[in-house]
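This report goes through selected parts of one structure, working from charged side-chain pairs to a helix and then to strands. The sequence and the structure come first.

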Amino acid sequence: MKLFFDDRQCTHAPARELHNGDWTDFAETPARALAVKSHFAEWAEVTDHGLEPILAVHDADYVAFLQTAHDEWLAAGRPGDAIPYALPVIRRRPLDLTRIDAKLGAHAFDTATPISAGTWTAAYWSAQTALSGVDALAAGERSAYALCRPPGHHCGADYMGGYCYLNTPAIAARAAAAQGLGPVAILDVDYHHGNGTQDIFYEDGSVLFCSIHADPKTDYPFFWGHADETGAGAGKGATANWPLPRGTTGETYMPALDAALARIREWGARSLIVSFGADTYDGDPISFFALTQNDYREMSRRIAAVNLPTLVVMEGGYAVDALGENVAAFLSGFGRD
């Protein structure tokens, strides 16, 4: 199993986020990636694939916004990180956006996803990391791991949110299909629903999206991830959600995983992208499942038994001291520990 990471992903380092009515230290820090990197000795080189595979998923205007947003923020006389504060949720008009404040609101769905000086660089190389993992599968590897940071599954084609700027699993899925690995299925096992990934493929029947996550009635992102969301148009039936209650243990998680894997088999996937979040861990500071490292080993064993070329893309996980061991436990089912 090849492992991929690029140090430029650590350039993204916002100072704070607005959470639960107050400012708090930004949770998605470079320390997360470095904790995983230090746990493994060998990392493969990441290849630069340019913007084309990113633009296969994301709107060009949104990508241009990410590239220039922080510079525009500073040019407007604002200090620190660029953070949206006006989010146009109703009666939105297609305006010619000039102010950076308006651009931020038009391309975000929360205030917890700041843009710092290094955000674009980090997000770009996060996408390249995922794409390098796809290359490994196309070259014959049965599995690969992309340590993507920032994560990706909350952002849509033209919006950021949930610490995510470029949707790495969606970019990987499109690239895998382009390299002859389709049909592609995405299995999201982060604590939070992958609303951006779902949104990108909701009307696209060429990619199956399955997500097991905390019930949005109680947890972020709240507005997406209910069991009755199954796709629309050409994508009807190609989305499946398993929302689970807080306190979920391995015993109650595994039946949902088995159901998702059965759906993937029945759908006829030829390759699999796994959005893995270690924030399902019992000790995670911002999430509320109770999975253990032994559960991660069992999860990966069951996923590997589907016997598809599989790329594991990193999403959340905020118990930094345990993160390297949690990732190693999950990768063990694919023959890496």
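## Salt bridges around helix 9

D258 is partly exposed, with a relative accessible area of 36%. The model is a predicted one, and in it D258 forms a salt bridge with R302, the closest N and O atoms lying 2.8 Å apart. R302 belongs to helix 9 (residues 293–304) and D258 to helix 8 (residues 250–267), so the pair ties together parts that are 44 residues apart in sequence. R302 is also partly exposed, at 21% relative accessible area. The cut-off for buried is under 20%.

A second pair sits within helix 9: R301 and E298 are three residues apart there, about one turn of the helix. In an α-helix there are 3.6 residues a turn, so residues three or four places apart point the same way. The side chains of R301 and E298 meet in a salt bridge with an N to O distance of 2.6 Å. R301 is partly exposed, with a relative accessible area of 46%, and E298 is partly exposed at 22%. D258, E298, R301 and R302 are linked in a network of salt bridges.

## A salt bridge from helix 4 to a loop

How many salt bridges does the structure hold? The count is 12. One of them joins the side chains of D101 and R78, at 2.7 Å from N to O. D101 lies in helix 4, while R78 lies in the loop between helix 3 and helix 4, so this salt bridge ties together parts that are 23 residues apart in sequence.

Is each partner buried or partly exposed? D101 is buried, with a relative accessible area of 7%. R78 has 24% relative accessibility and counts as partly exposed.

## Helix 3

Helix 3 covers residues 60–75, which makes 16 residues. At 1.5 Å a residue this helix should span 22 Å, and its end C-alpha atoms are 22 Å apart, so the expected span and the model agree. The helix nevertheless bends, by about 50 degrees at T68. After helix 3 comes G77, whose phi is positive, near 85 degrees.

Which residues of helix 3 are buried? They are Y62, V63, F65, L66, A69, H70 and W73. These buried residues pack against three other helices: helix 2 (52–55), helix 4 (100–106) and helix 5 (119–138). Helix 4 is also where D101, the partner of R78, is found.

## Strand 8 and its neighbours

Strand 8 (residues 271–276) is mostly covered, with six of its six residues buried. S271, I273 and S275 point one way from the strand, whereas L272, V274 and F276 point the other way.

Strand 8 pairs with strand 5 (residues 184–188) in the parallel sense, over five bridges. In that pairing, S275 of strand 8 is the bridge partner of D188. Strand 8 also pairs in the parallel sense with strand 9 (residues 310–314), again over five bridges. S275 stands opposite V313 in strand 9, so S275 has a bridge partner in each of these pairings. Strand 8, helix 9 and strand 9 together make a right-handed β-α-β unit.

## Strand 4 and its neighbours

Strand 4 (residues 143–146) contains S143. S143 counts as buried, at 8% relative accessibility. Apart from its neighbours within four places in sequence, S143 is in contact with M1, K2, L137, T310 and F334. Both faces of strand 4 are covered: S143 and Y145 lie on one side, A144 and A146 on the other, and all four are buried.

Which strands pair with strand 4? Strand 1 (residues 2–4) runs parallel to strand 4 and is joined to it by three bridges. Here L3 stands opposite Y145. Strand 9 and strand 4 also pair in the parallel sense, over four bridges. In this pairing A144 stands opposite L311 of strand 9. Strand 9 is also the parallel partner of strand 8.

Notes:
Residues are numbered from 1 along each chain as its sequence is written. This is a predicted model: local features need pLDDT of at least 70, side-chain atom pairs count only at pLDDT 80 or more; totals for chains, interfaces and linings use all residues. Side-chain values use heavy atoms; hydrogens and water are left out. Helices (H or I, at least four residues) and strands (E, at least two) are DSSP runs, numbered from the N terminus. The expected span of a helix is 1.5 Å times one less than its number of residues. The bend at a residue is the angle between axes fitted to the seven residues ending there and the seven starting there. Buried means under 20% relative accessible area, exposed over 50%, partly exposed in between (1.4 Å probe, protein chains only). Contact means heavy atoms within 4.5 Å. A salt bridge is a side-chain nitrogen of Lys or Arg within 4 Å of a carboxyl oxygen of Asp or Glu. Two strands pair if DSSP finds at least two bridges between them. A crossover is right-handed if, with the strands pointing away from the viewer, the path from the first strand over the helix to the second runs clockwise.
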